[in-house]
Amino acid sequence: MVAPIQLIDVAPAAAPPSSRELAARLWTDNLPRQHGFEPLVVEGTLPAELRGTLYRNGPGQFEQFGTRYSHPFEGDGAVTAVRFDGSRAFGSSMLTESAGLGEERRAGRVLYGLAAPWSRRIRNVLGKRDKNTANTNVMMWQGRLFALMEAARPTELDPRDLRTIGETDLDGAIVAMFSAHPHRVAARRATYNFGLEYGRKTKLHCYELPDVGPARRLGAVELSYAPMLHDFIATETHLVFFVSPVRIHVPRMLLQLGSFEQLFRYQPEHGTEVICVPIDRPAEVVRFTVDAFYQWHFTNACSRGDELVIDYVRYPGFESFLDIGALGRGGTPEALGEGRAHRARIDLAARSLRSEQVLDASCEFPTVAPGAEGRAHRYAYLALDNLRAVGKHDTETNAVEQHALPATQRATEPLFVPRPGAASEDDGWVVALCHDDPSNRAFVAVYDARRLGAGPIARVWFDHQVPITFHGTFSPAG
């Protein structure tokens with residue numbers, strides 16, 4: 001049974017948006033200017049203990065040379081960073097200078113993606129050439145910063161100025177691709193990720209990046225088809241994958257035919273495959289198939305004996321992917337409105353999954369406190385109501401505290417930053433990069449995590465808009 005949301009100290013609900021342009025514009029307008037770290041305008045008072053850098057990543061360029069890319073997911077990545085020093089903030093926004101983007105600039109035309117001429121696309125396929133857009137997430141590992149997208153290797157950036165260093169295979173550890181969704185397990189002092197290798201047989205490679213020492217490949221799981229797999233989750237014992245039946249249309253991919261959306265087919269009759277990989281015994285895989293569903297993102301997971309508990313945002317189908325494509329063409333802004341928070345329980349011995357909706361509200365981009373990853377957590381932080389609100393979900397009481405933004409603003413993924421020495425998952429601040437339509441500017445909202453419903457205690461303003469960002473991380477000051 002779905003528990004109703006209990007609202008605590010909630011700001012009045014915002015009226016329906018007065019403008020439909022904001023949501024679409026965030027997915028269509030290029031980053032207006034690039035710049036290094038410069039002082040930002042602070043509205044309110046920043047907490048003296050908030051020190052470190054917020055890094056955000058998303059597509060920052062949707063067209064060039066008068067040619068618009070075919071889908072927002074093909075956009076060139078741009079990393080936006082905000083550095084807090086306790087009383088001031090400094091911001092930077094920079095496109096990631098991939099080798100492919102440099103090649104296009106030298107040629108003066110689009111050479112990659114479905115916006116390129118068909119003959120060029122075919123040559124790219126035959127020559128196994130592509131552009132690493134690095135446009136989805138960022139990862140800090142051993143003091144190094146990496147921009148990620150799910151169909152390429154990591155791109156290393158200089159964390160001091162966001163300068164692009166270049167692609168890396170982490171000293172040979174990465175076989176092919178490296179997903180945009182690494183997950184750290186605090187108890188294991190390591191970060192985990194996966195990468196797909198497409199070929200006659202598709203392989204799902206699993207990776208471990210320890211806090212100290214080199215990255216390593218744990219092993220690989222062979223898949224029966226070529227899926228689009230966006231995210232996974234890790235517990236202290238297992239890596240868990242929900243392989244939804246989104247299949248690459250191989251003939252269209254090879255011949256580069258149709259739109260970006262037409263390269264993928266959702267075939268629910270095949271169901272969703274659940275794959276559980278024991279971290280210490282990666283060859284002893286547990287896998288089974290359940291009725292089809294789709295998910296973009298996981299919240300967290302934990303192990304309880306032979307049971308795995310998985311929190312995630314579930315969709316009934318793949319329509320959100322098509323809606324995002326429509327956003328890139330100025331279409332509906334309701335792309336993420338069908339996502340609902342679920343809790344799944346996997347019985348490893350019985351090879352079964354039970355999933356229950358836990359919130360009766362649309363949500364996306366869930367995160368938990370650093371240190372809670374891979375174990376039972378109490379609080380999850382989410383973007384609610386199709387990016388119109390920032391929320392905090394108490395998983396023990398099922399209450400949600402939220403701050404609804406004005407109708408002309410949108411939020412993105414909220415991140416929790418613990419206060420130095422914090423002993424609980426809400427002793428600290430929530431930071432979220434937001435977008436304001438009337439001023440056409442971006443700002444970072446800073447909330448007291450224990451009084452989130454009261455609204456931001458500070459806003460840090462850029463003098464320009466920032467295109468949609470998907471994911472990010474906060475790196476505390478050293």
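I take helices here to be DSSP runs of H or I with at least four residues, numbered from the N terminus. The model I am reading is predicted, and I kept that in mind for every entry below.

**Entry 1: a nonpolar patch on the surface**

I began with the surface and looked up which element gives the most to the nonpolar patch; helix α4, residues 250-255, does so, with three residues. The patch itself is formed by Trp118, Val250, Leu254, Leu255 and Leu257, and together these residues have about 460 Å² of accessible area. Leu257 I placed in the loop between α4 and β20, the latter spanning 264-266. Because residues enter a patch with over 30% relative accessible area, I checked the value for Leu257, and found that Leu257 is partly exposed at 36%.

**Entry 2: the surroundings of Asn135**

Is Asn135 buried or exposed? I found that Asn135 has a relative accessible area of 2%, and therefore I noted Asn135 as buried. Its place in the chain is the loop between α3 (118-126) and β9 (137-141). I then followed the side chain of Asn135, which reaches the backbone oxygen of Gly75 at 2.8 Å. Leaving aside residues up to four places away in sequence, I listed what Asn135 touches, and the list includes Asn57, Gly58, Pro59, Pro72, Phe73, Glu74, Asp76 and Gly77, as well as Leu148, Met149 and Phe470.

**Entry 3: positive phi values**

Most residues other than glycine have a negative phi. With that in mind I looked up Leu170, and its phi is near 55°, a positive value. Leu170 is found in the loop between β12 (164-167) and β13 (183-185), and Leu170 counts as buried because its relative accessibility is 5%. I also looked up Phe365, where phi is positive and near 50°. Phe365 lies in a strand, β26, which covers residues 352-367, and at 6% relative accessibility Phe365 counts as buried.

**Entry 4: salt bridges**

How many salt bridges does the count come to? The count comes to 29 salt bridges, and I went through several of them with the exposure of each partner.

The side chains of Asp29 and Arg25 meet in a salt bridge, with 4.0 Å from N to O. I noted Asp29 as partly exposed, since its relative accessible area is 36%, and Arg25 likewise counts as partly exposed, at 24%.

Glu396 forms a salt bridge with Arg378, and their closest N and O atoms are 3.6 Å apart. This pair links distant parts of the chain, 18 residues apart, with Glu396 in the loop between β28 (389-394) and β29 (399-404) and Arg378 in the loop between β26 and β27 (379-384). Glu396 is exposed, with 60% relative accessible area, whereas Arg378 is partly exposed, with 29%.

For Asp427 and Arg419, I found a salt bridge whose closest N and O atoms are 2.8 Å apart. Asp427 counts as buried at 15% relative accessibility, while Arg419 counts as partly exposed at 25%. I noted as well that salt bridges with shared partners join Arg25, Asp29 and Asp437 into one network.

**Entry 5: strand β29 and its hairpin**

I turned next to β29, which is mostly covered, with six of its six residues buried. In a regular strand the side chains alternate between the two faces of the sheet. I therefore looked at each face of β29: Ala399, Glu401 and His403 lie on one side, Val400, Gln402 and Ala404 lie on the other, and all of them are buried.

Strands β28 and β29 pair in the antiparallel sense over five bridges, and I picked out His393, whose bridge partner in β29 is Val400. The hairpin of β28 and β29 has four residues between the strands, and there Asn398 takes a positive phi near 65°.

**Entry 6: helix α2**

Which residues of helix α2 are buried? In this helix, residues 99-107, I found Gly100, Leu101, Gly102 and Glu104 buried. I then looked for what covers the buried residues of α2, and the cover includes β4 (51-61), β5 (63-64) and β7 (76-85). After α2 comes Gly108, and I recorded its phi as positive, near 75°.

Conventions: Residues are numbered from 1 along each chain as its sequence is written. This is a predicted model: local features need pLDDT of at least 70, side-chain atom pairs count only at pLDDT 80 or more; totals for chains, interfaces and linings use all residues. Side-chain values use heavy atoms; hydrogens and water are left out. Patches are made of residues with over 30% relative accessible area and no salt bridge: like charges are joined within 9 Å, nonpolar side chains (Val, Leu, Ile, Met, Phe, Trp, Tyr) within 5 Å. Accessible areas come from the Shrake-Rupley method with a 1.4 Å probe; for residues, only the protein chains shown count as cover. Helices (H or I, at least four residues) and strands (E, at least two) are DSSP runs, numbered from the N terminus. Buried means under 20% relative accessible area, exposed over 50%, partly exposed in between (1.4 Å probe, protein chains only). A polar contact is a pair of N or O atoms within 3.5 Å; within protein, one must be able to donate a hydrogen and the other to accept it, and residues adjacent in sequence count only if both atoms are side-chain atoms. Contact means heavy atoms within 4.5 Å. Two strands pair if DSSP finds at least two bridges between them.
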